[in-house]
Structures are given as structure tokens and as C-alpha cells.
Amino acid sequence: VVIPAPTLTSVSLPHKKHISIQRQLADLEKLADLSEGEFTSAESQNTDQHVAAGKKPCPLCPEEKFKACYSHKLHRHLQNLHWKVSVEFEGYRMCICHLPCRPVKPNLIGDQSSTKMGAHYHCIICSATITRRTDMIGHIKRHVNKGETESRYIAAPAPKSSHEVLKEADTDVQVLPNYSTPQKSDSYFNPKMKLNRQLIFCALAVLAEERNPLECLDAFGATGIMGLQWAKHLGNSVKVTINDFNENSVTMIQENCHLNKMKVMMNPKEEDDCDETMEEGEENVGIIDVTKMDANVIMHLRSFDFIHLDPFGTAVNYLDSAFRNVRNLGIVSVTSTDISSLYAKAQHVAQRHYSCNVVRTEYYKELAARIVVAAVARAAARCNKGIEVLLAVALEHFVLVVVRVLRGPSPADDSVKKIRYLIHCQWCEERIFQEGNMVEENPYRQLPCDCHGSMPGKTAVELGPLWSGSLFNTGFLRRMLFEAVQHGLDEIQPLVKTLICEAECTTLKQFSIHGPASQNKQEECGVFIKTPDTAADYYVVQGKRKSNEMSRNIVKRQKSESNAEHPAFYYNIHRHSIKGMNMPKLNKFLQYLSQAGYRVSRTHFDPMGVRTNAPLAQFKSILVKYSTPTYTGGQAEGPVQSTEDAQAGDNVQTAVADNLGCQLF
């Protein structure tokens, strides 16, 4: 096994190292010719006698394990027992050592104690002794990931900086060489999550337009890239706190703050001192509060307007703490990267983390988003808070959920009522949310399909609990698009436009890029700010919000807009295509569904997915109607191609009826 060395740091090896660390096999053989005083091995006391007799001892084995032998036998012993199982690093081989240089716990046998000599490796960097070869390989890799490549055997000069500087959205961050490996680097930085960071930034920018200054928390800072972008682009509108439990990450965050000319505040009491000592010309210098504590602890101790959770894996362990002290009408964003469980690849893990039954379906990404929202809603309800889902995005590497917090038992009850079970047919992929809580004799009757009557066995499964409400807020998404344009975030604009179309369930793509006209500021009895497109209607009168009036407005709006929610889930056009038929283009098919009187849109969850309120039977019939046969062997079936001929359409439907019913999950 060869351990790759970092390209940015050169290894300065000491002159004195353990005898088991050599460059070549011949160097090990030369050790057998050395006298007793040239290497510290207690078992080499009789070396001179063995050499005189033509026999040589093994320099890495005690005499009771391997007796002195001739050169040809010693060569085979060193090659097979020590050299082949060595670990290579920078041209050196760390061979396995059997000398009694590692303390081993004695084994008591009766009244006698026997000490067993344990095989081990000597680390070339930190002189540690490791027993297993795989553990030694991982030990060296951890040194490389942390930039620790200088040996500790002798005093060596300070190594050159191994930090690499990356730039994203006009923000510079230092990272370690192996920054893209999670859980093995103290400064994990994933460039593929850039889209995620931009979506969260736009959500925060919308909230900053409603009220400021905002107290924001990045609970898992790592390199601090997200909090630095907030402070750098939103300025005095936000008071950013970056937290991380790892000491090396906190040090990295502080260095990145100085790299971006931000002031670091390690103690909240220092804020007043910073304001008093701020010199002229430094008014625009941001101040970032960097903390080192567990994420649950800081969210219990302090209140925030905006909280972002992005742990490695699931975030369910931090949801209760996040909703405990988040302020009313604040925003909580949750990024889940445990896609193996959410995308039904590890169903037992989803059951353990989310208490949710899930199977692999054609709409598995939206299913994952609804699983996370349901977990968020339950955590908020335990704190007597409700949620309004602003957006839910599920892409290749993550699931992002952004919700607004509505304080009070009534919003909490309303949110819990939207957590329901889903009945999913495994034959035709039809699905429907279960109605009511009463036990039914035949729950299959709720499904629009008749697969249970025509197919043997149990044809449907119960999935959930899931969030059954809307996943998007159109007004909030439009304001996010405005902020994306204002800050020049071109990469997420197509995605936000798709989300707006998906929220409205329409194919229209005409957007007016201007400030939110719904923010009419009136000075009556204080300041009244109203945003009808979202649930953020709040009153500021003499410095206090009237949450009761806000709650009434929210309830009225939710009742009036309940019928305008987008249809749940989507259909994949390829999944329901007919064998031997050429299906129409996706945009044309959307027009056909719209002409039939159904709401229809594309979805970001699946590039070939169609979100519509049409039943699956109608979806398939329209797909069959506008599909054309695939011609083979010079057959002439021109009349079937005409969509005007009803008789031909009936013939096509009859020919593919068996294919429709026999497509298995």
C-alpha cells in the first residue's frame, strides 16, 4: 500500500529513526551486520558469536521468535515477514517490528505471568506504535489530511503552510489539502454544495429585507465559508455567529475571517468594546462571532432569527434545539446529506432516524424532501411552534428544507395535521395520501387504480409519515429570485425559476425582475410591513410585534390558498412510456396535458418528471394517444400514426394494454 504524500508540503525526515523504517530491503540486511551498540535491541547480545559462525540474527525479531541463520534464509525472512507487509510513505518503508518496544498487557496463567511480544509498526511522523496494518495506513492518512508531515523525532524547522486558498462568491477561504473528504479533515469544504449555499444566502437576504439586524447562526462552520458570505454581502443587516465544536476548525474559521478582513469576536461581551474602538474608515468592516461549543448547547443558550443546520449526515439530532429558542417568524434551514437513507437505499436507517417507512419509487426525491419536512414539523410542534415550508429542494448530494417558524399551539396543531401516511401501489406507481385516522377494512379502495383486484397478493405499501402540504411558497421564491439577480448569483436563477413554475404548477416562464411591490411601508401607529405572498405579515408597533394579528392573517391566507397548492408528487414520462412506441417530446406532452384541462409543470426533482393533477390513468391515456409506433422490418402502419383517427387510437391502446398492467416496480 502506497500512501500518497501531499504536493504542497515536503517531508523532512530525521537522522535518527527507528530501525524498522528503511528505504530498501538491503538496508535491513545491513542491520544484521551491525554490532550490539549500534542499534538498541536487547536480543542482539550474541550478535558477534553468530556473525563469527556465519549466522546473522533478524534485527526486527527477538531471538526466541527467530534464531540466527545464514544470509540466504535471513533474506527470505526479511522479505516475506517484514518487507511485504510494510507501509510506504515518501520512499520509506515502515516494516513490521516484533521487538519488545511496545508494552503489552501480561496474561496471567495460574501463578505465573507471561508477556506476549506483539507485532507493531512505528509511525515515521509521530513515533507512535500501531498494531494493525490497516490502522497504520489510516493513521498516516490522518496525518496527511491535517498537514502534519514533519517528523517529531528531532526538532525540525516549521513546515511551510499547506493551506490552499479557494474563492467562492468573492469570499476567500483556506482549506487543508484533503478538504473534500468528510470526517477525515478538520476543514471539510465541498465545492459541489455551492448551489446549496447560494439558495440559503438568498433566503437569508429575503429575511434581511423584512427586518434587521438579524442574528444568524451557522451551527456547523467547518471553514466558515457560509457565514463569511453572509457577513460580506449583507453587511450590517446581519450579525453572524459561526460555531464549530472542533478546535482546529475554529482556528481555521478565525484565519479565514482575517483573510477576508473581518473582525473576530470570541466573546459576546467584546461587541461593545469593538464598537467603541472602531477607527474611522472601518464602519463597513464586518464583525463575526466565532464560538467553539456543541451545536445543541449554543442553540439552547442563545436566540437567533436565522439558523442553518448542515451536519455530516442527518440533522434530526439538532432539530429540537433549533426550534427551542428560534424567534417568531424566524427561518430554520436544514441540509441533510444522508441521501442513502432518504433515497431508500438504506431503508433501515430511515426507519431508525426518521421513524419512516420508505421504498424506492419513481418520485423518491420528493419523498425524501417530505420525510425531512415531516421530521422538522414534529420537532417544531414539540416546542409549540408551527412551520410554513418556504422551499424544499432535493438534488444529487443533499436535501435542503427552509421553513418559517410560527409560534403558538394553533400553528403547531395545523402543521401536525399535515403529516399523513401515503398509500403507494407497487404495480402502477399510483399514490394517494391516506384520508382520516380511522381503520378501514380495505384501504386499497382509496387508490384510484384497480391493481389489487386484478393482481395477486398485496399490491400496495404504506409509506410515511410524510408531509402532505405544499413544498413551496411562490411569493418567497419570487423574492429569492430578485435577491439572486441583485447579488449576481446567475447559477441558481434557472433553478429558482423552475421552483416558481413548480409552485404555481404552470409552464409559463415570464418573470418580472423588480423589487417586491408588496412591501408597502406605511407609517401608521409605528411601522406596518405586509408581504401578502408569504406568511411574514408582522406588525412593529412601538418596538413590539403583534403576533396574534399576524397569526389570524396567516390562518385566513392558508384557508384561501389551500386550493391553489401544487399537486403532490410527479410522474416520470420514461417510467410510463410504452414499449415499441415513440413518446412525444416533454414540452409537447406538457401542452397536451394542459389542453386536456389539467394543471401541469416540470419539476426540479426529476428532469423528465411531470407534476400534474391528472390521474395516472389519464396521464397514460394521453401519453398513448400522442405516441407513435416504432417501425421495424418495413412495416407500413401509417394510419395508426394519426391522432385524429379514434379507431386507430383504440387499436393502439388495446395492443399495449398488457404492457401497462404488467410493468412491475
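**Exercise 1. Rings and charges**

Find which residues the ring pairs link into a cluster with Phe433, and find which charged end sits over the ring of Phe569.

Solution. This is a predicted model. Start with the rings: Tyr363, Phe433 and Phe569 are linked into a cluster by ring pairs. Next, take Phe569 and look for a charge. The charged end of Arg370 sits over this ring, 5.1 Å from its centre. A charge over a ring also occurs elsewhere: Lys292 lies over the face of Phe245, 5.3 Å from the ring centre.

**Exercise 2. An aromatic pair between helices**

Classify the pair of Phe589 and Phe619, and state which parts of the chain the pair ties together.

Solution. Count the aromatic pairs: there are nine. Then take Phe589 and Phe619. Their centres are 5.1 Å apart, and the planes make an angle of 85°. Planes over 60 degrees apart count as edge-to-face, so the pair is edge-to-face. Now place the residues. Phe589 belongs to helix 19 (residues 586-595) and Phe619 to helix 20 (residues 616-625), so the pair ties together parts 30 residues apart in sequence. Last, check accessibility. Phe589 has 0% relative accessibility and counts as buried. Phe619 is buried too, with a relative accessible area of 0%.

**Exercise 3. The nonpolar cores**

Identify the residues with the most contacts inside the largest nonpolar core, and name the helix that gives the most to this core.

Solution. The largest nonpolar core has 110 residues. Inside this core, Phe323 and Ile387 have the most contacts. Helix 13 (residues 364-382) gives the most, with twelve residues. A second core is separate: it has 21 residues, among them Cys425, Cys451, Met455 and Ala460. Return to Ile387 and list what it touches, leaving out residues up to four places away in sequence. The residues touched include Phe323, Val373, Val376, Ala377 and Ala380. Val403, Arg404, Leu406, Ser415 and Trp467 are also touched by Ile387. As background, nonpolar side chains in soluble globular proteins tend to be buried together.

**Exercise 4. A three-stranded sheet**

Work out which strands stand at the edges of the sheet with the order 25-28-27.

Solution. The sheet is open and has three strands, with antiparallel pairing. Strand 25 (571-572) and strand 27 (600-602) each have a single partner strand, so both stand at the edges and one side of each lacks a neighbour in the sheet. Follow one pairing: strand 25 and strand 28 (residues 609-612) pair in the antiparallel sense over two bridges. Within strand 28, Val610 is the bridge partner of Tyr571.

Note on methods: Residues numbered from 1 in each chain as written. Predicted model: local features only at pLDDT ≥ 70, side-chain atom pairs only at ≥ 80, totals over all residues. Heavy atoms only, no water. Core = buried A, V, L, I, M, F, W, Y, C linked by side-chain atoms within 4.5 Å. Buried < 20%, exposed > 50% of the residue type's maximum accessible area, 1.4 Å probe, protein only. Helix = DSSP H or I, 4+ residues; strand = E, 2+ residues; numbered from the N terminus. Contact = heavy atoms within 4.5 Å. Phe/Tyr/Trp six-rings, centres within 6.5 Å; stacked < 30°, edge-to-face > 60°. Lys NZ or Arg CZ within 6 Å of the ring centre and 35° of its normal. Pairing = 2+ DSSP bridges.
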